[in-house]
2 protein chains.
Amino acid sequence: MTAAPGWVYLTGGGPGDPDLLTVRAQRLISTADAVFHDDLVPQPILQLCRLDAAVISVGKRCGKKSTTQEQINQALISAARAGKSVVRLKSGDPMLYGRATEELAALERERIPCEVIPGVSALFAAAASMRVALTDRLSASRLIVLTGHRAAGERTMPLWEGAFPQDATIAIYMPGSDYSCLQESLLDSGLSRDTPCLIVSCAGTERQQSVHTTVTALHCQIPLPPPTILLLGRTCEPDAGNGVTAMPDTEKISAITS
Amino acid sequence: MTAAPGWVYLTGGGPGDPDLLTVRAQRLISTADAVFHDDLVPQPILQLCRLDAAVISVGKRCGKKSTTQEQINQALISAARAGKSVVRLKSGDPMLYGRATEELAALERERIPCEVIPGVSALFAAAASMRVALTDRLSASRLIVLTGHRAAGERTMPLWEGAFPQDATIAIYMPGSDYSCLQESLLDSGLSRDTPCLIVSCAGTERQQSVHTTVTALHCQIPLPPPTILLLGRTCEPDAGNGVTAMPDTEKISAITS
């Protein structure tokens, strides 16, 4: 199904590799009349747009507010009202750190028909390329996703209240470049100093870089280029896979003892 | 790039709609010599396989262990050793509740080249179709992903230790059908009785059903058909979008006060 006139498609652009777009996102991007995109959406994806499509950057770079949220909302509404098929293209998944609430509410208020198309968030691209299982039967039954960008409205939020639970993988989006400060927050939240830590920069793109470290050595690490994701937990051991499966297979044990 | 002989591709099959496969997954599935798939991968996706491909179900249905993990590992290794291009197709994303660790470790031990292809996990399909932002600038800076299936090896795990943090969306995979028991665990973990709750069954498929409720009314709810995902938090209000954006825009406030 191609992009329909008068509709807005809030579309997940995935981690950056055109091959990691969903089939539906690829089709919408390549048929839309207008594509409004974030700064993080790279050229190889924008090159899928029709040659005669309006391709408009509405990025809000850290600190510099080139386009306000209100301006973006108005631009989407105007384009849809003019009968254009509109893709609002966000990196990753629109519903995870994508500020989708504001845009959806504005479109709904104006009764513009819209649809949300999920995407592969950078976290999953990082996990896949680094072969880090985010959950593991033996060592991590939970996944906690946080942001290091700790401003909500006018408030500054703590990274976490109290102690992190055991048995979890922790993923931090936008960890910033002050690893000393981050290390302090992590230690305050009860993570042990030897907790394995994996930093992945530009996950799922050609420019991906990564480094394995630990909480105790985090402050010595030279920050990798943004956007980065920081993963923490036993699943992030460089050899977690081999280590875990070297442990006795509980299925076999059940079979023997039953 | 098509599937290469002797390789195993641990591939995310997404929530079930072929349009929500990644472009890469679609290409691998439609070119592989052999596809080993979980029970949850539906026919419309399996129909993408080559007509002469070996398409083998290795599902482990709740309780019934039709195929053991060791048998799956051996089947993947044998097929790759025989020079076949092999897709190991899992629903959702392979790294989130996909038991990827065991299969990756087995392949690595045998030096079989393999690659992990991320996918859209059911949670993101649920969020997109229900227009629930998993994070929100004003009400949820964190996402906590849990499983209601609380057995890790021989142990039974509590749902959560202590109190859930404020300012989070909570997603529970495999919540089971005992909503009374789940309600008790949620209240024990400090969630308020009026916390909005959204149950989504078969997210991202034609059979999707959903119901909005609250923690206090959860035990009255007739369980929806599995697989289900339960979402909790302020972002799950039926009208969260409109409610949140009706609040003052902090960008505007900054502009006025600065």
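User: In this predicted model, by what turn and what shift can chain A be laid on chain B?

Analyst: In general, two copies of a chain are related by a rotation about an axis and a shift along it. Here a turn of 180° with a shift of 0.0 Å along the axis lays chain A on chain B, at an RMSD of 0.0 Å. That is why we read the relation as a two-fold axis. The same surface serves both copies, as 99% of the contact residues of chain A recur in chain B.

User: Good. How many residues are in contact between chain A and chain B, and what area is buried there?

Analyst: Count the residues, then look at the area. 68 residues of chain A are in contact with 67 residues of chain B. About 6000 Å² is buried between the two chains, and carbon and sulfur atoms give 57% of that. On the chain A side, M95(A), R131(A) and R142(A) lose the most area to chain B, together 12% of what that side buries.

User: How many salt bridges does the rule find across the interface of chain A and chain B?

Analyst: Eight. Have a look at R142(A), whose side chain meets that of E161(B) in a salt bridge at 2.9 Å, N to O. There are also 32 residue pairs in polar contact between the chains, counting pairs with both residues at pLDDT 80 or more. The elements of chain A that give two or more residues to this side include helices α1 (23-29), α4 (100-109) and α5 (122-130), along with strand β6 (142-147).

User: Now the cysteines. How many disulfides are there over all chains?

Analyst: A disulfide is a covalent bond between the sulfur atoms of two cysteines. The count over all chains is zero. For C181(A), the closest cysteine sulfur is in C197(A), 14 Å away, so the gap is too far for a bond. The sulfur of C236(A) also has its closest cysteine sulfur in C197(A), at 7.5 Å, again too far for a bond.

User: Are C181(A) and C236(A) buried or exposed?

Analyst: C181(A) is partly exposed, with a relative accessible area of 35%, whereas C236(A) is buried at 1%.

User: Let's finish with one residue. Where is the place of T169(B), and what does T169(B) touch?

Analyst: T169(B) lies in strand β9 (residues 168-173) of chain B. With 0% relative accessibility, T169(B) counts as buried. Leaving out residues up to four places away in sequence, T169(B) touches several residues, among them A133(B), R142(B), I144(B) and L231(B). Its side chain reaches the backbone oxygen of L134(B) at 2.6 Å.

Conventions. Residues are numbered from 1 along each chain as its sequence is written. Chains are lettered from A and ligands numbered from 1 in the order in which they are written. This is a predicted model: local features need pLDDT of at least 70, side-chain atom pairs count only at pLDDT 80 or more; totals for chains, interfaces and linings use all residues. Side-chain values use heavy atoms; hydrogens and water are left out. Copies are superposed by least squares on the C-alpha atoms of residues with pLDDT of at least 70 in both. Contact means heavy atoms within 4.5 Å. A disulfide is a pair of cysteine sulfur atoms within 2.5 Å. Buried means under 20% relative accessible area, exposed over 50%, partly exposed in between (1.4 Å probe, protein chains only). Buried area is the accessible area (1.4 Å probe) that two parts lose on being put together, summed over both. A salt bridge is a side-chain nitrogen of Lys or Arg within 4 Å of a carboxyl oxygen of Asp or Glu. A polar contact is a pair of N or O atoms within 3.5 Å; within protein, one must be able to donate a hydrogen and the other to accept it, and residues adjacent in sequence count only if both atoms are side-chain atoms. Helices (H or I, at least four residues) and strands (E, at least two) are DSSP runs, numbered from the N terminus.
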